[in-house]
Amino acid sequence: MKIILFIIQKEFKQIFRDKSMLRLLFILPILQLLILSNAATFDVKNIRVTIVDYSNSSSSRTLIEKINANAYFTDAVFVSTTQAGIERLNSGKTDVVIEIPIPFEKQLQNETTTQIQVLINAIDGATAGVQNVYLSQIVQQFNQHILLENKHIVNNQIMPNRIETIPSFWYNSTLNYKTFMVPGILVLLITMLTLFLSSMNIVREKELGTLEQINVTPIKKYQFIIGKLFPFWVIGLVILTIGLLISKIVFNVPMLGNIVLVYFFTSIYLLLILGFGLFLSNHTETQQQAMFIAWFFIVIFILMSGLFTPIESMPKWAQNVTLFNPIRYFVEFIRMVLLKGAGLQEVLPNLGIITLFAIVVNGLAVWSYKKTN
Amino acid sequence: MNNLSEKIIVVENLTKQFGHFTAVKGINFHVNKGEIFGFLGANGAGKTTAMKMLIGISNPTNGRANVAGFDVHTQSEKVKQNIGYMSQKFSMYDDLTVKENITFFGGIYGLSRKQINSKTEVLIQTLQLGDIAQKKVGDLPLGWKQKLAFSVAMLHEPKIVFLDEPTGGVDPITRRQFWEMIYAEAHKGTTIFVTTHYMDEAEYCDRVSIMVDGVIEALDTPKNLKNQFQVSTMNEVFLKLARNIE
């Protein structure tokens, strides 16, 4: 125990002595959380629309007004030919082109079906889908409005029958993306920082030659490893604290669940990540190698975490791969606890899996750290 | 000189292979307690590899070595309790002060804070480090660093200390001071196992072995070696041996 304290003391001294590193440690995650949380939104807003109105009737103007009044669309630009609209689409000046045909009003009044043409830039399929839905909704409203008017004219007593679904959004009732993203991004930042720090730290001692000096001492493996990783474990928890404060104060993320549970889970999760970092540093000779491999895993962990893309829509094999992704379990966990107010009972599977991973990874790390080659 | 007959290092057929390359080819020798043993050889002769096996950080491919009464292969951690080591590459923390380095290395050898404090004071006095004890080690000149590294290797009062080219790149005056420190420790009964490229330093040793291409070609006192090769300096002994092999 005494020996471990000597190592911890030395590690903290080195961390606090390196002022530029210290700044990096605490300021970068704060900045990233503030910036990324605002940028990582899936809301489709400011849709630029171009309208080719061949009909030029009061009906078409009503439709256009409805589009303009919608908060998701910027004010429409009018062009006189479909060709001009397509050119704008090609040159990226517009996202959507709507063409209203000449017989638009006439067909509506005759209660026959009419069609408008909508061209959407679908390079980003998901965004195009959302834009299509928005437009369809507007057109549908317009439709009902017309239908209603016509019915009133024809027969005062008949009201249209319609079934409307009224969605009730739970856990994130305002559909605020930040509420959804901030806890996940916090998880990423904690993971990245502690993984990089731990994997580079021991390799650095290898490069300097001080690791050899330590290997010639009778120090026990576990003493060295605990002494080395403890400071980063503390740093991880400090960053969690800062991140939770920012989430609450700046982003007003609801925190329905028990915060103690969050700290408990993170403590075990950090053991897993630090053990993994140690494992990487055992198998690399330079900081560059360690950094490169750590990045490789971080990118896979992030993209397969369910943070940016839902795991349910991945192919089956990819879903299976995510079962080995620690970030996935932490993202799930933190959303469940903060947004749904889940208790220990509900997060037990996540906690169990992370604990199991932590034991396996640390076992491997201790085993592969060799004082004698 | 009763203790001279006691063998503190016994090496039998010690071999280290890296793939197809054999760095150390079955060497045999012993070192007596309290002796200053010079372990010489050209670059790449296998000195450092052999030394790493003796200090328990590299497993022998074949053969055995017993250091301070313990087998280097099966009891390497026990060996480590009884030895000090100063590597060829300066290996203290540049970003820590002299005092902090002493505290750390004393601490991981299991010394108490009290022991460390008293040792630190003695060390700072003997090395005359008074003013710079609070300085970062990285800011010290090389000669001071080496003297400090040697003292740190001696902190836990090991029975044997292994020095891998301790005076490489150091000026002649500091080298002399360094050897005075080595003598002082040897007088206290510590066994010194030292590699060097300076043949004048070889003259300071009680016995010297010369390694060429993974094999020990000669082993005796400097005086006997000079007689054997009928030359007047160790330098000529070394050149003759190295040339013969080529």
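Me: Two strands pair if DSSP finds at least two bridges between them. In β8(B), what is the bridge partner of Phe39(B)?
Reply: This is a predicted model. Here β3(B) and β8(B) pair in the parallel sense, over 5 bridges. One of the partnerships involves Phe39(B), and its partner in β8(B) is Thr195(B).

Me: In β9(B), which residue is the bridge partner of Phe37(B)?
Reply: β3(B) also pairs with β9(B), in the parallel sense and over 5 bridges. Phe37(B) has its bridge partner there in β9(B), and that residue is Arg207(B).

Me: Which residues of β3(B) point the other way from Ile36(B), Gly38(B) and Leu40(B)?
Reply: In a regular strand, side chains alternate between the two faces of the sheet. Both groups of β3(B) residues are buried. Opposite Ile36(B), Gly38(B) and Leu40(B) stand Phe37(B), Phe39(B) and Gly41(B).

Me: How many of the residues of β3(B) are buried?
Reply: A residue is buried if 20 or more other C-beta atoms lie within 10 Å of its own. β3(B) is mostly covered. The buried count is 6 of its 6 residues.

Me: Which strands stand at the edges of the open sheet of 6 strands in chain B?
Reply: The order of this sheet is β6-β7-β8-β3-β9-β10, with mixed pairing. An edge strand here has a single partner, so one of its sides is left without a neighbour in the sheet. The two that fit are β6(B) (83-86) and β10(B).

Me: By what angle are neighbouring strands of this sheet of 6 strands turned against each other on average?
Reply: The sheet is open, and its pairing is mixed. With direction ignored, the average turn between neighbouring strands is 15°.

Me: In β10(B), which residue is the bridge partner of Met211(B)?
Reply: β9 (207-212) and β10 (215-220) of chain B run antiparallel, joined by 5 bridges. Ser209(B) is partnered with Leu219(B) of β10(B). For Met211(B), the partner in β10(B) is Ile216(B).

Me: Which residue in the turn between β9(B) and β10(B) has a positive phi?
Reply: The two strands form a hairpin with 2 residues between them. The phi in question is about 50°. It belongs to Asp213(B).

Me: Is Asp213(B) buried, exposed or partly exposed?
Reply: Asp213(B) sits in the loop between β9 and β10 of chain B. It has 16 other C-beta atoms within 10 Å. Buried needs 20 or more and exposed needs 12 or fewer. With 16, Asp213(B) is therefore partly exposed.

Me: At about what angle to β7(B) does α1(B) run?
Reply: Helix α1 (47-54) of chain B lies across β3 (36-41), β7 (160-164), β8 (191-196) and β9 of chain B. Its angle to β7(B) is about 155°.

Me: Which strands are the edges of the sheet of 4 strands in chain B?
Reply: This open sheet has the order β2-β1-β4-β5, with antiparallel pairing. An edge strand pairs on one side only. Those strands are β2 (21-32) and β5 (70-71) of chain B.

Me: In β2(B), which residue is the bridge partner of Gln17(B)?
Reply: β1 (7-18) of chain B pairs with β2(B) in the antiparallel sense, over 8 bridges. Gln17(B) is bridged to a residue of β2(B), namely Thr22(B).

Me: How many Å apart are the end C-alpha atoms of α7(A)?
Reply: Helix α7 of chain A covers residues 177-208, and 23 of its 32 residues are buried. At 1.5 Å a residue, the expected span is 46 Å. The model agrees, because the end C-alpha atoms lie apart by 46 Å.

Me: How many nonpolar residues does the contact of α2(A) with α9(A) have?
Reply: α2 (19-39) and α9 (221-249) of chain A pack at about 35°, with axes 10 Å apart. The contact includes Leu25(A) and Leu33(A) from α2(A), and Ile235(A) and Gly243(A) from α9(A). By class, 1 residue is polar and none is charged, while the nonpolar count is 9.

Me: Which helix gives the most to the side of chain A that touches chain B?
Reply: 22 residues of chain A are in contact with 22 residues of chain B. α1 (2-17) and α8 (210-215) of chain A each supply at least two residues of this side of chain A. The one that gives the most, with 7 residues, is α1(A).

Definitions and conventions. Residues are numbered from 1 along each chain as its sequence is written. Chains are lettered from A and ligands numbered from 1 in the order in which they are written. This is a predicted model: local features need pLDDT of at least 70, side-chain atom pairs count only at pLDDT 80 or more; totals for chains, interfaces and linings use all residues. Two residues are in contact if their C-beta atoms, placed from the backbone, lie within 7 Å. Axes are lines fitted to C-alpha atoms, for helices over the stretch in contact, and angles run from 0 to 180 degrees between N-to-C directions. Ala, Val, Leu, Ile, Met, Phe, Trp, Tyr, Cys and Pro count as nonpolar, Asp, Glu, Lys and Arg as charged, and the others, Gly among them, as polar. The expected span of a helix is 1.5 Å times one less than its number of residues.
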